[in-house]
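These are my notebook entries on a single protein chain. I recorded what I looked up, going from the whole chain to single residues.

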Amino acid sequence: MSTTQFTKDFTQQEPIPEAGIQRALEVMKSGKLHRYNVAAGEKGETALLEEEFASYMGKKYCLACSSCGAAMYIALKSAGVKPGDKVLCNAYTLAPVPGAIENTGAKIVLVDIVEDYTIDLDDLAQKAKADDVRWFMLSHMRGHITDMDRIMEICEANNLTLIEDCAHTMGAFWDGKKSGSFGIAGCFSTQTYKHMNSGEGGLLVTDDAELIARAIIHSGSYMLYERHTARPDMAVFESLKTQVPNYSSRMDNLRAALLRPQLADLDTQCRRWNDRYDHLERGLKQIPGLFVPDRDPREVYVGSSIQFSLNGRSEAEIRLFLDRCMARGVELKWFGNKEPVGFTSAYESWKYLGDLPDLPNTKRILAVMCDMRIPLTFTLEDCDVILEIIADTIKEILT
Ligand SMILES: *Cc1c(COP(=O)(O)O)cnc(C)c1O
């Protein structure tokens, strides 16, 4: 048996581009870190980032926030979600998504998933029929994009307002249209483990003038919204400015300075992720006993992580597999753990939501699903070592 060891760190991101570091140093030397600390007519780094991201997304407006969780909360509030409303959401997502919904006082209605890890469109269509359901937060979890044509049909047929969580689909497309441009708002993360890295941060995009005006005021604009440049006419703010509370969730110029050169490189970075993803996917698909779902050709994903399932395997076998991979340096996450560990996303651990539904498919699929980060610091040769270790380990366990 081979004993090759993998020694690289699965959480090691690339450095911030030199241009971002230089710009951040200038911002620090100026002392003007707060986004509204600009001279008359001057555009700060945060405003520029918003303009550039709106343009990247082909959207009219953008708001930079302190996190994607904050952006989702503000998007829901600004779209009009009220306490007691019902918000549909796929059950396979990350904790900040149900958290943002809970924060509005709305009730989450979890929707099942299918074998390729995307939302169950039949369960969605069924649950969307209820008269009291008007909102839908779709999380493109781990970058898996479902059939957006059917999503939009279901939304239209049932008068649902869609908000997209694009934490893992920044730079991705469905059938030629950017992920995050389907719903009334799209929310993105710039937290270290997503597609651009400012430590923490979020971006909200929309074409809806009233939604963005509300969102800007909610984010904590202190009546300084004129200093935003990816915003509608000042008149839109007039009737809202004393009606919309401040939730202090702004981004600052330092983070925006780090992000602007990353945005300029984003499409190149997405291609680099996919080189690694496609290499890993090809290799994983050749390992007997592993299931890697096929992806729809209409989906242009960003492969910053990869998932596969050990269908039919017991909890004990999966634990053994994960432990042996880990012993050789390959760190895999598992969504089937009964106790929440690290970034685990099992909906059963969101007990604060009260009565949790029984979603047999979500439970069954997550129980055997493994998840691996693909940092850009890994080379294709690194991917080969990882594949070898996974293949060896599977063989040991299955024989
Ligand atoms: C990371 C993540 C978020 C939230 O991002 P933060 O910026 O950390 O709030 C939302 N949804 C998914 C699926 C995520 O992975």
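**Entry 1: a residue to begin with**

I opened with Arg255, which has a relative accessibility of 28% and therefore counts as partly exposed. I noted that the model is a predicted one. Next I looked up the partner of Arg255 and found a salt bridge with Asp252, in which the closest N and O atoms are 3.1 Å apart. I reminded myself that side chains of opposite charge can pair when their charged atoms come close.

**Entry 2: the whole chain**

I then turned to the chain as a whole. I counted 12 helices and 13 strands. The C-alpha trace spans about 70 × 55 × 35 Å along its principal axes.

What radius of gyration does the protein chain have, and what would a compact globule have? The chain has 21 Å, and a compact globule of 399 residues would have a value near 21 Å, so the two agree.

I looked up burial next: 55% of the 399 residues count as buried. The accessible surface comes to about 16,400 Å², and carbon and sulfur atoms account for 50% of that surface.

I also recorded how contacts are spread along the sequence. Of the contacts between residues at least 6 apart in sequence, 72% join residues at least 24 apart.

**Entry 3: charges and salt bridges**

I noted 45 positive and 57 negative charges, whose mean positions are 3 Å apart. How many salt bridges does the structure hold? I found 29 salt bridges.

I examined the bridge between Asp382 and Lys8, where the closest N and O atoms are 2.6 Å apart. Asp382 belongs to helix H12 (residues 380-398), while Lys8 is in the segment before helix H1 (18-30), so this pair ties together parts that are 374 residues apart in sequence. Is Asp382 buried or exposed? Asp382 counts as buried because its relative accessibility is 12%, which is under the 20% cut-off. Lys8, at 33% relative accessibility, counts as partly exposed.

I then took the salt bridge between the side chains of Arg260 and Glu52, with an N to O distance of 2.7 Å. Arg260 lies in helix H9 (residues 253-285) and Glu52 in helix H2 (residues 45-57), so the bridge ties together parts that are 208 residues apart in sequence. Both partners are partly exposed: Arg260 has a relative accessible area of 22%, and Glu52 has one of 28%.

Which residues are linked with Glu52 and Arg260 in a network of salt bridges? I listed Arg23, Glu26 and Glu45 beside these two.

**Entry 4: Ser78 and Leu211**

I moved on to Ser78, which lies in helix H3 (residues 68-79). Ser78 has a relative accessible area of 6% and is therefore buried. Leaving aside neighbours within four places in sequence, I found Ser78 in contact with Leu211, Arg214, Ala215 and His218. I also looked up the separation of Ser78 and Ile217: they are 139 residues apart along the chain, and their C-alpha atoms are separated by 9.5 Å.

Leu211 was the next residue to follow, and I located it in helix H7. Leu211 is buried, with a relative accessible area of 2%. Which residues does Leu211 touch, not counting residues up to four places away in sequence? I recorded Ala75, Ser78, Ala79, Ile184, Ala185, Leu204 and Thr206. For Val38 I recorded a C-alpha to C-alpha distance of 25 Å from Leu211, with their places 173 residues apart in sequence.

**Entry 5: positive phi angles**

Finally, I looked up two residues that have a positive phi although neither is a glycine. Tyr117 has a phi of about 75°. Tyr117 is placed in the loop between strand E3 (107-111) and helix H5 (121-128). At 2% relative accessibility, Tyr117 counts as buried.

Met223 has a phi of about 60°. Where is Met223 found? I located Met223 in the loop between helix H7 (209-220) and helix H8 (235-238). Met223 is partly exposed, since its relative accessible area is 46%, a value between the 20% and 50% cut-offs.

Note on methods. Residues are numbered from 1 along each chain as its sequence is written. This is a predicted model: local features need pLDDT of at least 70, side-chain atom pairs count only at pLDDT 80 or more; totals for chains, interfaces and linings use all residues. Side-chain values use heavy atoms; hydrogens and water are left out. Helices (H or I, at least four residues) and strands (E, at least two) are DSSP runs, numbered from the N terminus. The radius of gyration is taken over C-alpha atoms; the globule rule is 2.2 Å times the number of residues to the power 0.38. Buried means under 20% relative accessible area, exposed over 50%, partly exposed in between (1.4 Å probe, protein chains only). Contact means heavy atoms within 4.5 Å. Accessible areas come from the Shrake-Rupley method with a 1.4 Å probe; for residues, only the protein chains shown count as cover. Lys and Arg count as positive and Asp and Glu as negative; His and the chain ends are not counted. The place of a charge is taken as NZ of Lys, CZ of Arg, CG of Asp or CD of Glu. A salt bridge is a side-chain nitrogen of Lys or Arg within 4 Å of a carboxyl oxygen of Asp or Glu.
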